[in-house]
Amino acid sequence: MRLTSSWSRRGFLGTVAAMVASMAAPRRLFSKISASSRNTRVTGFGQSGNPYEELAVTTVINCQGTMTMLGGSVLRPELEAVMAMAGRHFVSIPELEVAAGKRIAEMLKLPEGYTALVTSGAAAAMQSGLAGILTKDNEALIRQLPDLTGMKSEVIIQKTHRNPFDHQLRSTGVKLIEIETRDDLRRAVNDRTAMMHFTNFANAAGQIKVDEWVQLAKEYNIPCMNDAAADTPPVSHLWDYANMGYDLVTFSGGKAIRGPQCAGLLIGRKDLVSYALLNNSPHEDTIGRSQKVGKEEIIGMLKALELYQQEDHDALAREWQAQLEGISRQLTKIPGVSTEYFTPEIANHVPHMRITWDSRVSLEPKQVSKLLHESQPAIVIGGGEGRPGLSMCSFMLQPGEDKIVAERLSRILREHSA
Ligand SMILES: *Cc1c(COP(=O)(O)O)cnc(C)c1O
């Protein structure tokens, strides 16, 4: 039938051929990049320079960090330029994926036998990675997912590592087997065990830590995945977990790496990554067909990684800290207001500031964040959720916005001061 034959034997074999070819000679992807169209004049929608404003959708000053709900991060101009170049050509997506993975492995100096796949996000990387473990390159099994007949069907996870993103594991049809202790783990391993999953941000919460988890997986000869989606900086996390022996590691492209918002990385063993690609768009009749990643995102992810690696991360951290200190100097002039700094151990591992006040200011933190959100321009700040006061970070602020935040926040606190 037309529908099923479009995911044809030829398409499938074509991908396998591209994977094999990529291991031989390097190929040139583009003949020539046409002249830049950066200065194209826009008429109609977008002519104001701010399409959001034209839709009456409020843009916000982001003091919360890399939140997907707010659009993740902002692209660097150089990245925008390279993504625009990518959009001007047609190219075989499987061939591009394999070549991009190879380049990423070189850039990150991944261990021998590792490569990378650009996915539509870390969530997609989790699903495709697990799907690949379940099906390998068996075309019938790939079409069959999430019906697991004839495949392994369980993934072991520490109870404290469960989180909303494990939906992307469950979507393959597997059952998550929760464990707490090493003994639980020993009892849980069986013929149905497909994978052991680790949630990197939950490292401190679980009894089995990140290095021991992968050792145990090796002992049982079970593939092991680490979801480290939001766990750069430090930049070294991009290769640390592969070096530790994790078979698959996932990252978001559109968080601190500041890649395309709809991109992510599956880093891992070449065989497993190739099976993940077979379970993903552009291949039809696959579980991952809904997680399309375009040529622009694939090229953009590569460029974002290059730019991210070249950054002076210590200097950036100092700049973010200095911005917080500037805001703090204004706020702490108000009687009863104090600030303190902290850096989360993992996930958004960048300088943060907690802002608290005593009874001399007659507002709850929730009310302050509401007033900030309603101000012009709107400001989004974290806090109120179980912790005292407000908390903010500065690493997603655009130039000059730290001044606006300081001015607006101190005005609100002053207006409600005794
Ligand atoms: C953000 C996040 C994801 C999903 O990443 P996307 O790139 O948005 O798909 C998965 N796991 C964790 C822990 C995350 O923080």
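**Note on the ligand site and selected backbone features**

1. A polar side-chain atom of D227 comes to 2.7 Å from a nitrogen atom of the ligand, a polar contact being a pair of N or O atoms within 3.5 Å, where pairs within protein also need one atom able to donate a hydrogen and the other able to accept it, and where residues adjacent in sequence count only if both atoms are side-chain atoms. The model is predicted, with local features needing pLDDT of at least 70 and side-chain atom pairs counting only at pLDDT 80 or more, while totals for chains, interfaces and linings use all residues. Residues are numbered from 1 along each chain as its sequence is written, and side-chain values use heavy atoms, with hydrogens and water left out.

2. Oxygen atoms of the ligand also have polar partners in the protein: an N or O atom in the side chain of S252 is 2.7 Å from a ligand oxygen, and an N or O atom in the side chain of K255 is 2.9 Å from a ligand oxygen. Taken alone, the ligand exposes 380 Å², of which the protein buries 85%, the areas coming from the Shrake-Rupley method with a 1.4 Å probe and, for residues, with only the protein chains shown counting as cover.

3. Which residues make up the surroundings of the ligand? They are T68, G121, A122, A123, F165, F201, D227, A229, A230, S252 and K255, where being near requires a heavy atom within 4 Å. This shell divides into 6 nonpolar, 3 polar and 2 charged residues; in this scheme Ala, Val, Leu, Ile, Met, Phe, Trp, Tyr, Cys and Pro are nonpolar, Asp, Glu, Lys and Arg are charged, and the others, Gly among them, are polar.

4. Two cis peptide bonds deserve a look. The bond from T232 to P233 is cis, with omega near -10°, and P233 belongs to the loop between β6 (224-227) and α11 (237-244); helices (H or I, at least four residues) and strands (E, at least two) are DSSP runs numbered from the N terminus. The bond from S281 to P282 is likewise cis, with omega near 10°, and P282 is placed in the loop between α12 (270-278) and α13 (295-310).

5. Positive phi values outside glycine should also be checked. A56 has a phi of about 60° and sits in the loop between α3 (51-54) and β1 (60-62), where its 69% relative accessibility makes it exposed, on a scale that calls residues buried under 20% relative accessible area, exposed over 50% and partly exposed in between (1.4 Å probe, protein chains only). N221, with phi near 60°, lies in the loop between α10 (210-220) and β6, and N221 counts as exposed because its relative accessibility is 69%.

6. Is Q158, in strand β3 (residues 154-158), buried or exposed? At 1% relative accessibility Q158 counts as buried, and its side chain has polar partners in the backbone: it reaches the backbone nitrogen of Q207 at 3.2 Å, while a polar atom of the Q158 side chain lies 2.8 Å from the backbone oxygen of I208.

7. The last point concerns G300, which is found in helix α13 and, at 0% relative accessibility, counts as buried. The C-alpha atom of G300 is separated by 5.3 Å from that of M83, although the two residues are 217 residues apart along the chain.
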